[in-house]
Amino acid sequence: MEAFVTTLLLTAIVQTGDRSQLLCAGLAMRFDRRAPLIAAVAAASIAGAAIAAIGGQVVGDWISRDALSLFYALSLLFAGLGMLGWRRPVDLLQGWRIGPFFTTLFGVMILQFGDKGQFIVAATAARSHDALWPLLGGAAGTVIGLIPGIVWQDELARWPLRPVRIGAGLCIAALGILLALSAFGLV
């Protein structure tokens with residue numbers, strides 16, 4: 001259950017102001033229909049979390065406990081640092097004429113593939129030797145993190161996302177550093 005809760009919280013937090021959330025906001029303005037976008041976000045989140053969790057569980061069977069601790073620490077460190085960095089502008093997929101569901105599904109899947117949330121899911125699955133709880137937590141956290149972009153797309157531009165991203169990024173990176181030091185036996 002710890003794997004579910006930590007993955008849910010971390011993946012929800014790293015979505016704040018991220019390109020995927022901004023894409024969802026842009027697509028919500030473009031299509032003005034919430035239900036297909038939310039369904040597509042859920043489907044994309046489940047697919048991405050499943051790939052990460054299964055991959056993480058496979059990796060978890062191959063490497064030592066200390067290496068798993070370091071893998072988890074690095075996933076947090078890089079997620080935190082990723083929140084501090086510059087983001088490229090979001091392509092709102094204006095040329096895509098495949099409807100709101102499939103545009104959102106494929107757009108979110110592409111942006112999420114190999115993103116920080118997936119590494120957190122993979123590292124949690126590797127560390128816990130369980131794919132189910134990190135999968136469920138990662139999918140739920142991603143959905144929770146992306147829904148504000150769909151529901152409050154107009155207000156999102158007025159929210160102080162940059163300070164929130166910096167604060168959360170620093171906290172997650174610091175936790176990653178602390179866990180990495182612990183994995184090396186320095187703390």
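# Helices, salt bridges and a pocket

Tutor: In this predicted model, let's begin with helix H4: its buried residues are covered by, among others, H1, H3, H6 and H9.

Student: Which residues of H4 are buried?

Tutor: They are Leu68, Tyr72, Ala73, Ser75, Leu76, Leu77, Ala79, Gly80 and Met83.

Student: How do you know that the span of H4 agrees with what is expected at 1.5 Å a residue?

Tutor: H4 has 20 residues, for which 28 Å is expected. From first C-alpha to last, H4 reaches 29 Å, which is close to that value.

Student: And what makes the span of H6 agree with its number of residues?

Tutor: H6 runs over residues 116-128, which is 13 residues. The rule takes 1.5 Å times one less than the number of residues, so H6 should span 18 Å. Its end C-alpha atoms are 18 Å apart, and the two values therefore agree.

Student: Why is H6 called largely enclosed by the rest of the structure?

Tutor: Because 10 of its 13 residues are buried. Among them are Lys116, Gly117, Gln118, Ile120 and Val121. The cover over the buried residues of H6 includes helices H1, H3, H4, H5 and H7.

Student: What follows H6?

Tutor: His129 does, and its phi is positive, near 55°.

Student: Let's turn to salt bridges. Why is the pair Glu2 and Arg127 called a salt bridge?

Tutor: The cut-off is 4 Å between a side-chain nitrogen of Lys or Arg and a carboxyl oxygen of Asp or Glu. For Glu2 and Arg127 the closest N and O atoms are 3.4 Å apart, so the pair meets the definition. This salt bridge links distant parts of the chain, with Glu2 in helix H1 and Arg127 in helix H6, 125 residues apart.

Student: Are these two residues buried, partly exposed or exposed?

Tutor: Exposed means over 50% relative accessible area, and Glu2 has 54%, so Glu2 is exposed. Arg127 has 36%, so it counts as partly exposed.

Student: How do you know that Asp18 and Arg165 form a salt bridge?

Tutor: Their closest N and O atoms are 3.9 Å apart, and the limit is 4 Å, so this pair qualifies too. Asp18 lies in the loop between H1 and H2, while Arg165 is in helix H9, so the pair ties together parts that are 147 residues apart in sequence.

Student: Why are Asp18 and Arg165 called buried?

Tutor: Buried means under 20% relative accessible area. Asp18 has 5% and is therefore buried, and Arg165 has 0%, so Arg165 is buried as well.

Student: What about Lys116 and Asp115?

Tutor: Their closest N and O atoms are 3.7 Å apart, and they form a salt bridge. Both residues are buried. Salt bridges that share partners join Asp18, Asp115, Lys116 and Arg165 into one network. A search of the whole structure finds four salt bridges.

Student: Where else do the residues of this network appear?

Tutor: Asp18, Asp115, Lys116 and Arg165 are among the residues that line the largest pocket. That pocket has a volume of about 190 Å³.

Student: How does its lining divide into nonpolar, polar and charged residues?

Tutor: The lining has two nonpolar, two polar and seven charged residues.

Student: Ser20 is in the lining as well. Why is Ser20 called buried?

Tutor: Its relative accessible area is 1%, and the limit is under 20%, so Ser20 is buried. Ser20 is in helix H2, and its contacts beyond four places in sequence are Gln15, Leu111, Gln112 and Leu146.

Key: Residues are numbered from 1 along each chain as its sequence is written. This is a predicted model: local features need pLDDT of at least 70, side-chain atom pairs count only at pLDDT 80 or more; totals for chains, interfaces and linings use all residues. Side-chain values use heavy atoms; hydrogens and water are left out. Helices (H or I, at least four residues) and strands (E, at least two) are DSSP runs, numbered from the N terminus. Buried means under 20% relative accessible area, exposed over 50%, partly exposed in between (1.4 Å probe, protein chains only). Contact means heavy atoms within 4.5 Å. On a 1 Å grid over the protein atoms alone, a cavity is a set of points where a 1.4 Å probe fits but cannot get out, and a pocket is an open set with protein on both sides within 12 Å along at least five of seven lines; lining residues have an atom within 4 Å of a point. Grid points are joined across faces, edges and corners, and a volume is the space filled by probe spheres set on the points. Ala, Val, Leu, Ile, Met, Phe, Trp, Tyr, Cys and Pro count as nonpolar, Asp, Glu, Lys and Arg as charged, and the others, Gly among them, as polar.
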